[in-house]
Structure formats: structure tokens, C-alpha cells
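Reader: I have a structure open and would like to go through it piece by piece. Can we start with the rings and work outwards?

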Amino acid sequence: MNVILLGPPGAGKGTQAEKLVETYGLVQLSTGEMLRDEVRLGSEMGKRAKEIMDAGKLLPDDLVISMISGRIDQADGNGIILDGFPRTKAQAEALDKMLEERNLKLEHVIQLDVAEDAVVERISGRYSCAECGSGYHDSLIKPEVEGICDNCGSKKFSRRSDDNQDTVRSRLAAYREQTAPILPYYAADGRLIVVDGMENVEKVFESVRAVIDGV
Ligand code: AMP
């Protein structure tokens, strides 16, 4: 089973993708995470990517398409869950071609529908445990004991350098101008399913599961 999660930054794509990994044994392919790995490694690609990511803009299609293509080949599991890809019409078309060449089918394209104001608040306050990656938020999801990760007990946390109000506005503009136009591409042949992403994580996951399980 191969699934795409679509929606603006802060819609909860990463969080829902992690839950899909746990529940259905899918492999999560997040282009944002792959790019952040390159930045951490200090590779040439990472250096180029950081500047663009910190400006809240999108990386060139050819670069992202070749990066994801390699990962699709390596993925073993019950299928893939794409989070943050495709983000342009060219990427969506390239993905269809890549899947077709590999005899793979795209079973579900799920759009997490959220209000822009809410995502600015969600993103501006979010941070994560530097050890295990568990996600928190300054006002919405605090650790039970301040300064200590609920999951692994670490006291180290980190914030994404692009999770600040200015960059978030640019990221939302990139979503509106370059990514939202792919929604009709998937709607046209009946592949797009819209889920209300404004509910809490568990409720949204119930809706996502209902789409996948066809109930
Ligand atoms: P994300 O973690 O999905 O929010 O992505 C973080 C940043 O990585 C984005 O703001 C873009 O700069 C870049 N990025 C991630 N995925 C893509 C993509 N599919 N196409 C172009 N740029 C991307």
C-alpha cells in the first residue's frame, strides 16, 4: 500500500506518517527529513538546501525527484508513506511515472485540511527531543516534567531553524502557490480524499485510518 499525505506545513503530516508506520508497517519517506540529514552531514547538497529551506522556499524539482527515486527503490516494508513529497505538479507527475515504472500503485492520497492561522501557531512553538525526536509545543504539548522528554528522559531539545514566524509565512506562500495546485490533479481522477486536520492527533488518525481501511 502506498500513501501520500498532503497539506501545508504544520498540518500534521509527519505526525500522522509516524502513526501509519507503526500501524501498517509502511516506510516513511519525508523529503524534509532527508534534506535536514544532508544539512546535518554538511554535504554540498545540505549547504545548498539549508539556504533555500531557511528562506521557506522549495528546492528544485530535479534534485528532490532524484533523491526520492533512490529511496523508493530502497524501501522495504508494506509500502511507502510520502510526507512532504510531491510539492509541485512536476513532482506529482514524476511520482506517477516512477510508480508506474516499478509496477507500484498509489492507493491513497490524503489531504489534511487545516486553517492557516492554526498552522502558524502550531509551527512557531514546536520543538522536539534531540535524542528520540518526540515532538512538543511551547503551549500545546508540553512534557509532563518541564525540560525532560516524556519518552526517553533526555534533557536536550532542538528546534528547526525554519520553524519561525517569518519563514512560516514564506513556507505557507510556497504551499499556496506551488503545492495547492496539485490538489486538483489528484481530485480529477478521484484519488484525493480530504480529512479534517484541525482535530487532535488521535481523532485525525481515526479519520486517516477510516480512509485506509475503507470503513
Ligand atoms: P518539511 O519538513 O516537509 O516541512 O520540509 C522542509 C523544507 O524542505 C521545505 O520548506 C522545503 O524548503 C524543503 N523541501 C522538502 N520537501 C520538498 C519537496 N518535495 N520539494 C521541494 N522542497 C522540499
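**Rings, sheet and cores**

Author: Y136 has a relative accessibility of 5%, so Y136 counts as buried. Keep in mind that this is a predicted model.

Reader: ok, which aromatic residue does Y136 in strand 6 pair with, 21 residues apart?

Author: Y136 pairs with F157, and the pair is edge-to-face, with 5.8 Å centre to centre and 80 degrees between the planes. Y136 belongs to strand 6 (residues 135-137) and F157 to strand 7, so the pair links distant parts of the chain, 21 residues apart.

Reader: how many aromatic pairs does the structure hold?

Author: There are 4 aromatic pairs. One of them joins Y127 and F157: the ring centres are 5.5 Å apart and the planes are at 80 degrees, which makes the pair edge-to-face. Y127 lies in strand 5 (residues 126-129) and F157 in strand 7 (residues 157-158), so this pair ties together parts that are 30 residues apart in sequence.

Reader: is Y127 buried or exposed?

Author: Buried, because its relative accessibility is 17% and the cut-off for buried is under 20%. F157 comes out at 26%, so F157 counts as partly exposed. Ring pairs link Y127, Y136 and F157 into a cluster.

Reader: what sits over the ring of F205?

Author: The charged end of K19 does, at 5.4 Å from the centre of the ring.

Reader: new topic, the sheet. what order do the strands come in?

Author: The order is 2-3-1-4-8, with 5 strands in an open sheet and parallel pairing. Strand 2 (27-30) and strand 8 (192-196) are at the edges with a single partner strand each, so one side of each has no neighbour in the sheet. From one strand to the next, the twist averages 25 degrees.

Reader: what holds paired strands together in general?

Author: Strands of a sheet pair through backbone hydrogen bonds, either parallel or antiparallel.

Reader: and how many bridges join strand 1 to strand 3?

Author: Strand 1 (residues 3-6) and strand 3 (residues 80-83) pair over 3 bridges, in the parallel sense. I4 has L82 as its bridge partner in strand 3. Towards strand 4, strand 1 has 4 bridges, and these two strands also run parallel. There I4 stands opposite V109.

Reader: which helix packs on the sheet, touching strand 1?

Author: Helix 9 (residues 201-213) does, and it touches strand 4 (108-113) and strand 8 as well. The direction of helix 9 makes about 155 degrees with that of strand 4.

Reader: back to strand 1. which way do its side chains point?

Author: V3 and L5 point one way, I4 and L6 point the other way, and all are buried. In a regular strand the side chains alternate between the two faces of the sheet.

Reader: which residues touch the most other members of the largest nonpolar core?

Author: I4, L6, I68, L82, F85, L95 and Y186 do, in a core of 29 residues. Elements that each supply at least two residues include strand 1, strand 3, helix 2 (31-41), helix 5 (89-101) and helix 8 (183-188). Helix 4 gives the largest share, 6 residues.

Reader: what is L95 in contact with?

Author: Leaving aside neighbours within four places in sequence, L95 is in contact with I4, I72, L82, F85, P86 and Y186. Another core lies apart from the largest one and has 22 residues, among them A11, V114, V119 and V211.

Reader: last bit, helix 7. is T179 buried or exposed?

Author: T179 is buried, because its relative accessible area is 6%, and the cut-off is under 20%. T179 lies in helix 7 (residues 165-179). Not counting residues up to four places away in sequence, T179 touches L58, P86, R87 and A174.

Reader: and L172, where is that?

Author: L172 is in helix 7 too. L172 counts as buried because its relative accessibility is 2%. Apart from neighbours within four places in sequence, L172 is in contact with P8, P9, E116, V119 and V120.

Reader: how far is L172 from A75, C-alpha to C-alpha?

Author: Their C-alpha atoms are separated by 30 Å, and the two residues are 97 residues apart along the chain.

Definitions and conventions:
Residues numbered from 1 in each chain as written. Predicted model: local features only at pLDDT ≥ 70, side-chain atom pairs only at ≥ 80, totals over all residues. Heavy atoms only, no water. Pairing = 2+ DSSP bridges. Axes fitted to C-alpha atoms, helices over the stretch in contact; angles between N-to-C directions. Contact = heavy atoms within 4.5 Å. Phe/Tyr/Trp six-rings, centres within 6.5 Å; stacked < 30°, edge-to-face > 60°. Buried < 20%, exposed > 50% of the residue type's maximum accessible area, 1.4 Å probe, protein only. Lys NZ or Arg CZ within 6 Å of the ring centre and 35° of its normal. Core = buried A, V, L, I, M, F, W, Y, C linked by side-chain atoms within 4.5 Å.
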